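Work through the following exercises with the sequence and the model side by side. Each task is followed by a solution that proceeds step by step.

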Amino acid sequence: MVRRNLKKISKSEKLKKFIKKYKVPPEYLSTNRKMVSKAVFIGLFIAFIPMPMQMVLVLAMMPFFKFNVPIALAMCWLSNPFTMPPMYYIEYLTGSYILGSEPLCVEMTLEWFSEHLDDIFIDLYFGTLIYAIVGSFSGYWLVNHFWKGSVHRDKKLHRHHRKT
């Protein structure tokens, strides 16, 4: 279903006009399995990193990797102003647990974080690394798995319709 919708959107005349007008390289909007799965991987990996301007990092990766940029940008919005506090808190607790350090009592304010960043930095980014790796590889695998399943199902239906 998603695969069919992406194919339909990629053949849209509005999209073709946009690409031509702004001279966007078409490979950055490609909707094949490899481009979409790489976009999900990159977007999710960046989404788990506590940093400002995550979308800029996605765009900065364009010259080094070929991936569907709109999908990667959408994936990095997994961490948004509503999800950031719980995500980063869980990453901090996970990092503290694995590294064996005693977690601080966290207050969800910018003032607290600016005062205690030195104390929580290693634990937070260790937990971040774990979630970023596991989350991005899981997303990559799931996209490939469901995409291949969709292709297999479509081929099976196509064969069935030819026989009848």
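**Exercise 1.** Establish which residues serine 96 touches beyond its sequence neighbours, and decide whether serine 96 is buried or exposed.

*Solution.* Leaving out residues up to four places away in sequence, serine 96 touches Ser101, Pro103 and Asp123. This is a predicted model, and the contacts named here are computed from its atoms. The next step is to place the residue: serine 96 is found in helix α6, which covers residues 84-99. One of its partners can then be described further, since the side chain of serine 96 makes a polar contact with the side chain of aspartate 123, at 3.2 Å. Finally, the relative accessible area of serine 96 is 1%, and because buried means under 20%, serine 96 is classed as buried.

**Exercise 2.** Describe helix α3 by its span, its start and its buried residues.

*Solution.* Begin with the span: α3 comprises residues 33-47, 15 residues in total, and reaches 21 Å from its first C-alpha to its last, close to the 21 Å expected at 1.5 Å a residue. Turn next to the start of the helix, where a side-chain oxygen of asparagine 32 comes to within 3.2 Å of the backbone nitrogen of lysine 34. Then list the buried positions of α3, which are Met35, Val36, Ser37, Ala39, Val40, Ile42, Gly43, Leu44, Ile46 and Ala47.

**Exercise 3.** Determine which members of the largest nonpolar core touch the most other members, and which helix gives the most to this core.

*Solution.* The largest nonpolar core has 16 residues, and within it Val58 and Phe67 touch the most other members. As for the helices, α3, α5 (69-76) and α7 (110-163) each supply at least two residues of this core, and α3 gives the most, with six residues. To follow one of the central members, take valine 58, which, apart from neighbours within four places in sequence, is in contact with Ile46, Phe67, Ala72, Leu73 and Cys76. A second, separate core has nine residues, among them Phe48, Val106, Trp112 and Ile120.

**Exercise 4.** State the volume of the largest pocket, and find which helix gives the most to its lining.

*Solution.* The largest pocket has a volume of about 430 Å³. Its lining consists of 15 residues, of which Pro50, Tyr88, Thr109, Leu110 and Phe113 lie nearest the centre of the pocket. Both α6 and α7 supply at least two residues of this lining, and α7 gives the most, with seven residues.

Key:
Residues are numbered from 1 along each chain as its sequence is written. This is a predicted model: local features need pLDDT of at least 70, side-chain atom pairs count only at pLDDT 80 or more; totals for chains, interfaces and linings use all residues. Side-chain values use heavy atoms; hydrogens and water are left out. Helices (H or I, at least four residues) and strands (E, at least two) are DSSP runs, numbered from the N terminus. The expected span of a helix is 1.5 Å times one less than its number of residues. Buried means under 20% relative accessible area, exposed over 50%, partly exposed in between (1.4 Å probe, protein chains only). A polar contact is a pair of N or O atoms within 3.5 Å; within protein, one must be able to donate a hydrogen and the other to accept it, and residues adjacent in sequence count only if both atoms are side-chain atoms. A nonpolar core is a set of buried Ala, Val, Leu, Ile, Met, Phe, Trp, Tyr and Cys residues joined through side-chain atoms within 4.5 Å. Contact means heavy atoms within 4.5 Å. On a 1 Å grid over the protein atoms alone, a cavity is a set of points where a 1.4 Å probe fits but cannot get out, and a pocket is an open set with protein on both sides within 12 Å along at least five of seven lines; lining residues have an atom within 4 Å of a point. Grid points are joined across faces, edges and corners, and a volume is the space filled by probe spheres set on the points.
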